[in-house]
Amino acid sequence: MVDKPAGRTSHQVVAAARAEHGLRAGHAGTLDPFATGLLVVLLGQATRLQRYVLNLPKTYEATARLGWRSSTGDPEGVLTETGRIPARVALPSGRIVQRVPLTSAVRVGGERLYRSAHRGEEGPERPRREVEIYRAELLDQDPERGLARFEIEASAGTYIRTLVEELDDAYCVALRRTAVGHLKLADAGDRLRPVEDLVSHLPERALSAAEARKVVHGIRLAAPDDTVGEGPISLTADGRLLAIATACEGELRTQVVLA
């Protein structure tokens, strides 16, 4: 896990990790270049577990600059001072519908939206998506500087800069991700963490040596009677992550098996 600095893309951070360790690398959720904070970098076989981390809720500290507008919703756009300070400095919560920013990497008509933005074009109609804001708390406000700082916990896929624009004359001047689900920025650093940490939020079933051999050889195990639903389950042997499976029709069907 990396504390990404401002000015670097998520791709650059992943490329550096790939070069340093000589392993396949990826990440579990992009951060914009201006944003800082927790970037979960996956190495080697951990890249196969990306799907179990991508959809976790994210927590951010976001600073809004009031009385200004940005063409991109962040410091990298064209800035315009309006001087209009929102009467109520509060962000929405609950389920909301957002329009995907023109500067996002979402593909529309086979092309990423940011490419048309870089060409200065209006671009295609931007898709809308429903997201959930679990909480959006005002931490502090500096009226003299026109700044307001929030802590926001939101579902995966939420555009925080777009959320800040809900204040009307405001844009996101600083953004720091502090958590991805159970993974915390405070734990980021140079030390490589065990792959088990990535999926510690999943229900776990410890396997016997005989069961572990079956899983490795593609033999399905019977699902425990107390298995609830069909969500993913981590299968471990001697504390080591062996596979991710789902319970279906009385069986544990593996989705990923780690060597």
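In this predicted model, the accessible surface of the chain amounts to about 13700 Å², of which 47% belongs to carbon and sulfur atoms. Of the 259 residues in the chain, 42% are buried, and the secondary structure consists of five helices and 19 strands. Among contacts between residues at least 6 apart in sequence, 63% join residues at least 24 apart.

A search of the whole structure yields 17 salt bridges. One of them pairs Arg-149 with Glu-61, with the closest N and O atoms 3.3 Å apart; Arg-149 belongs to strand β12 and Glu-61 to strand β5, and the two are 88 residues apart. Arg-149 is partly exposed at 27% relative accessibility, and Glu-61 is likewise partly exposed, at 28%. In a further salt bridge, Asp-74 and Arg-161 approach to 3.4 Å between their closest N and O atoms. Because Asp-74 lies in the loop between β6 and β7 whereas Arg-161 lies in helix α4, this pair ties together parts 87 residues apart in sequence, and both residues are buried. The side chains of Glu-132 and Arg-95 also meet in a salt bridge, at 2.8 Å from N to O, and link strand β11 to strand β8. Here Glu-132 is partly exposed, at 24% relative accessibility, while Arg-95, at 51%, is exposed. Arg-135, Glu-137, Glu-151 and Glu-153 are joined into one network by salt bridges that share partners.

The second largest pocket has a volume of about 560 Å³. It is lined by 26 residues, of which Met-1, Val-2, Val-41, Leu-43 and Leu-192 are the closest to its centre. The lining comprises 17 nonpolar, three polar and six charged residues, and its largest share, five residues, comes from α1.

Note on methods: Residues numbered from 1 in each chain as written. Predicted model: local features only at pLDDT ≥ 70, side-chain atom pairs only at ≥ 80, totals over all residues. Heavy atoms only, no water. 1 Å grid on protein atoms, 1.4 Å probe; cavity = no way out; pocket = protein on both sides within 12 Å on 5 of 7 lines; lining within 4 Å. Points joined across faces, edges and corners; volume = space filled by probe spheres on them. Helix = DSSP H or I, 4+ residues; strand = E, 2+ residues; numbered from the N terminus. Nonpolar A, V, L, I, M, F, W, Y, C, P; charged D, E, K, R; others polar. Buried < 20%, exposed > 50% of the residue type's maximum accessible area, 1.4 Å probe, protein only. Contact = heavy atoms within 4.5 Å. Areas by Shrake-Rupley, 256 points an atom, 1.4 Å probe, with all protein chains shown as cover. Salt bridge = Lys/Arg side-chain N within 4 Å of Asp/Glu carboxyl O.
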